[in-house]
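Grab the coordinates and work through these exercises with your viewer open. Each one has a task, then a solution you can follow step by step.

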Amino acid sequence: MASRLLKPTATPGGAADLALSNKVFVSASDAQALRSMGATQNYVKTQIQEFVYTFAEHPEVKPGQCGFNRIQREQLEFGIGANEPAFEAFAFAEKAESNILTKLSVEGAKSESDIKTDDLTKVVLREYQTQFFTIGQRLAIDIAGKKLILKIKSCEIMDAASLKTGNTQAKTSSRGVIFEKTAIAYERAAGSTIRLVGDDNQANNTLFKPDFNFENMGIGGLDSEFGDIFRRAFASRIFPPSVVAKLGISHVKGILLYGPPGTGKTLMARQIGKMLNGKEPKVVNGPEVLDRFVGGSEENIRKLFKDAEEEYRTRKENSDLHIIIFDEIDAICKQRGSRNDGTGVGDTVVNQLLTKIDGVDSLNNILIIGMTNRKDLIDEALLRPGRLEVHMEISLPDEKGRHQIWVIQTKSMRENGSMDQDVSLELLAKDTKNYSGAEIKGVVNSATSFALNSKVDATNGIKVKDGPITVKMEHFQRALAEVKPAFGIDEDEFSDRMRNGIIKFGPKVEKLLNNCGLFVEQVRNSQRTPLVSFLLEGPAGCGKTALAVKLATDSGCPFVKMISAEDLVGYGENAKASKITKIFEDAHRSRLSCVVVDDIERLIDYARVGPRFSNVILQTLLVFLKKDPPKNRKLLIIGTTSNKRVLEDLEILDTFNSVQNVPQISTRTEFSSVLKELKAIESDAELNLASAAFARPISIKRLIMYAEMASQGSTTGRAERLSQILVDNE
């Protein structure tokens with residue numbers, strides 16, 4: 001296609017009205033030449049970025065020159081008198097009834113000001129009809145004396161023929177013409193000081209930044225939580241102030257995000273701030289507010305709200321949204337009167353914060369986001385409606401959420417071809433029950449370290465082997481063995497307590513396992529009983545703990561914890577109660593949990609001489625054994641005891657739904673069955689010889705110990721040794 005070289009110059013005469021026309025200006029001879037090249041509607045296309053401009057004749061422009069305004073020159077990146085850029089005539093087959101829908105980004109205006117979108121649309125349609133614009137192109141505009149810059153963000157074309165057939169599907173395009181019926185949407189450019197104000201029927205679509213998505217924000221598994229936060233905290237802010245006033249409501253001013261560490265509370269709060277078009281969020285770590293000088297802490301709180309107050313005084317409901325994020329908010333907002341430091345600083349900080357959020361001169365342009373792992377420590381007055389009224393628990397992700405997190409955390413290595421094709425993110429999501437987002441990230445880092453280490457040659461100094469670094473499935477599997485979740489099953493602890501497995505030595509054991517299996521199925525499947533508990537009772541050594549551990553690990557619960565006296569040795573009463581409380585609270589955070597309360601009489605420090613027990617621990621257990629988990633959560637509690645009568649006297653027995661007896665070995669048939677299972681004695685003759693010494697019931701733990709003692713030494717004479725051990729000890 002023919003082109004014409006024209007030297008850039010300024011807009012003729014420097015006239016503002018010509019500069020704001022967004023046209024380029026040429027001499028009469030050049031205009032005639034461009035039209036002869038095939039330009040329709042006086043359109044000309046630059047070979048620089050391929051922007052299309054409308055040209056017009058002007059007598060002050062000399063032949064061989066082209067007048068550009070400053071915005072056009074800056075975007076095309078050339079100055080006055082630069083080398084001649086090439087221009088091509090641009091032909092456009094205009095359809096009289098064609099219509100385009102376009103989105104414009106609005107920037108400019110040196111001072112903060114409100115721009116009505118209706119007025120903006122009138123100026124655009126009046127001044128720029130039939131002009132052709134390309135995505136990314138910028139144009140200057142004057143509205144009520146305010147100089148603005150508009151940038152074309154997107155363009156969709158819809159012609160009259162499609163409207164008549166009922167097909168309203170618009171087609172995306174890289175450029176289009178502005179017509180009288182063009183529909184225009186606006187968004188505020190990042191960093192702009194203006195505010196776009198719509199009429200009562202227009203939603204405030206400028207509250208959120210365009211084109212944000214959770215994957216790019218690095219957030220996964222929190223879709224439901226984001227939906228609830230949007231509904232509670234932002235839905236009302238999208239509508240004009242007049243609509244909100246008619247409903248008689250006020251905007252939500254505070255959100256509290258709480259839950260276990262590593263689940264994404266801080267990340268979510270920071271990304272909420274990034275996806276909004278409000279002021280840059282102020283992020284404050286709770287302890288940073290505190291000051292050693294009297295009144296300093298309160299002054300720090302006032303400074304956080306100062307900008308919002310000043311803007312609200314001048315712009316009222318048209319003020320931008322100011323976001324203040326408090327990380328570890330429990331550090332400064334503890335229950336008033338709970339501190340023993342004698343200064344009262346904590347109480348005055350809470351009072352100051354309450355006043356700023358919901359006092360006499362409360363603001364409507366603020367959003368407070370607090371984060372904590374300990375919601376129970378926060379002053380209740382701060383949690384009521386009008387303050388931090390939206391309480392959102394950020395819990396552990398489910399399998400779908402974990403898959404989203406895996407996709408996000410491995411995005412870079414997948415896009416760069418550094419992840420092997422044998423890696424299955426679906427399988428990894430299934431194998432990471434009760435992993436938080438932070439822990440999944442830790443697994444990815446660990447797997448990467450294994451992959452990097454495989455490329456290191458340390459045989460003769462430290463050298464890097466040739467070849468690409470690829471993270472394989474085996475690296476992730478090794479990482480899973482290395483990075484354990486804080487909420488889950490301690491496999492090492494449980495395997496130690498079930499070292500010998502479960503030996504089904506008789507019908508009583510089979511019946512017991514079937515009964516206990518029904519309780520496990522009940523808590524998994526029933527919608528009416530979110531809390532199921534049963535107690536395993538029997539003499540010491542009969543296998544209660546091993547059975548409880550077996551049932552817990554086979555239950556399929558992602559969260560399984562054991563409360564055992566031996567794990568609390570050395571702790572005081574209050575410390576033990578705190579440990580027990582934390583385990584049950586953690587269990588309530590998981591969708592399906594199992595807690596094993598082992599050897600309850602030892603746990604409460606029961607002593608036969610006295611008698612003596614810890615009432616603090618007893619009352620703690622009584623509370624949590626009867627407390628239902630939160631909505632949509634289920635909890636299985638398995639208790640064990642060797643002294644049923646004591647639990648009955650202390651009223652613990654009634655807190656369990658059922659009491660199951662764990663039997664001892666009481667017949668010679670059961671005795672022989674255990675020895676066969678242990679492969680301690682295999683011949684029938686020797687079994688009969690050993691069984692002859694069986695005189696009274698014996699616990700499975702004691703029999704296993706005796707069988708191990710008899711197996712020491714030569715392989716012959718085991719039956720005689722076992723018989724002698726039984727006679728000597730039983």
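**Exercise 1. Place D599 and describe its backbone and its exposure.**

Solution. Start with the location: D599 sits in the loop that links strand 26 to helix 22 (600-603). This is a predicted model, by the way, so every value here is computed from predicted coordinates. Next, check the backbone: phi of D599 is near 55°, a positive value in a residue other than glycine. Last, the accessibility: D599 comes out at 26%. Buried would need under 20% and exposed over 50%, so D599 counts as partly exposed.

**Exercise 2. Do the same for E651: which loop holds it, what is its phi, and is it buried or exposed?**

Solution. E651 belongs to the loop between helix 24 (644-649) and strand 28. Its phi is positive too, about 65°, although E651 is not a glycine. With a relative accessible area of 55%, E651 is exposed.

**Exercise 3. Work out the surroundings of S614.**

Solution. Step one: S614 is in the loop between helix 22 and helix 23 (615-626). Step two: its relative accessible area is 0%, so S614 is buried. Step three: look for a polar partner. The side chain of S614 makes a polar contact with the side chain of E573, at 2.9 Å. Step four: list the contacts, skipping neighbours within four places in sequence. That gives E573, I604 and D605.

**Exercise 4. Repeat the analysis for T432.**

Solution. T432 lies in the loop between helix 15 (425-431) and helix 16 (437-453). Its relative accessibility is 0%, so T432 counts as buried. For the polar side of things, a polar atom of the T432 side chain lies 2.8 Å from the backbone oxygen of L428. Setting aside residues up to four places away in sequence, T432 touches R402, W406, I440 and L480.

**Exercise 5. Lay out the open sheet that contains strand 24, and find its edges.**

Solution. First, write down the order: the five strands run 25-26-27-24-28, with parallel pairing. Now the ends. Strand 25 (559-563) and strand 28 (658-661) each have a single partner strand, so one side of each is left without a neighbour in the sheet. The twist from one strand to the next averages 20°.

Then zoom in on one pair. Strand 24 (residues 531-537) and strand 27 (residues 634-641) run parallel and are joined by seven bridges. Within that pairing, E537 has T641 in strand 27 as its bridge partner. Finally, add the helix: helix 20 (residues 544-554) packs on the sheet and touches strand 24, strand 25, strand 26 (592-597) and strand 27. The direction of helix 20 makes about 165° with that of strand 27.

**Exercise 6. Describe the largest nonpolar core and say where it lies relative to the domains.**

Solution. Begin with its size: the largest nonpolar core has 49 residues. The residues with the most contacts inside it are L536, I638, I665, F671, L675 and L722. By element, helix 19 (residues 507-525) gives the largest share, seven residues. Both domain 5 (491-661) and domain 6 (668-729) supply residues, so this core lies between them.

Take I665 as a probe. Apart from neighbours within four places in sequence, I665 is in contact with F505, E670, F671, V674, F694, P697, I698, I700 and L703. There is also a second, separate core of 31 residues, which includes I563, F624, L647 and L650.

**Exercise 7. Which strands pair with strand 5, and in which sense?**

Solution. Strand 3 (residues 24-26) pairs with strand 5 in the parallel sense, over three bridges. In that pairing F25 stands opposite A56. Strand 4 (residues 43-46) runs antiparallel to strand 5, again with three bridges, and here K45 stands opposite V52. As for burial, five of the six residues of strand 5 (residues 52-57) are buried, so strand 5 is largely enclosed by the rest of the structure.

**Exercise 8. Zoom out and summarise the chain.**

Solution. Count the elements: the protein chain has 28 helices and 28 strands. Of its 730 residues, 48% are buried. For contact range, consider contacts between residues at least 6 apart in sequence: 77% of them join residues at least 24 apart.

Terms used. Residues numbered from 1 in each chain as written. Predicted model: local features only at pLDDT ≥ 70, side-chain atom pairs only at ≥ 80, totals over all residues. Heavy atoms only, no water. Pairing = 2+ DSSP bridges. Helix = DSSP H or I, 4+ residues; strand = E, 2+ residues; numbered from the N terminus. Axes fitted to C-alpha atoms, helices over the stretch in contact; angles between N-to-C directions. Contact = heavy atoms within 4.5 Å. Core = buried A, V, L, I, M, F, W, Y, C linked by side-chain atoms within 4.5 Å. Buried < 20%, exposed > 50% of the residue type's maximum accessible area, 1.4 Å probe, protein only. Domains from an automatic or database assignment. Polar contact = N/O pair within 3.5 Å; in protein donor to acceptor, adjacent residues only side chain to side chain.
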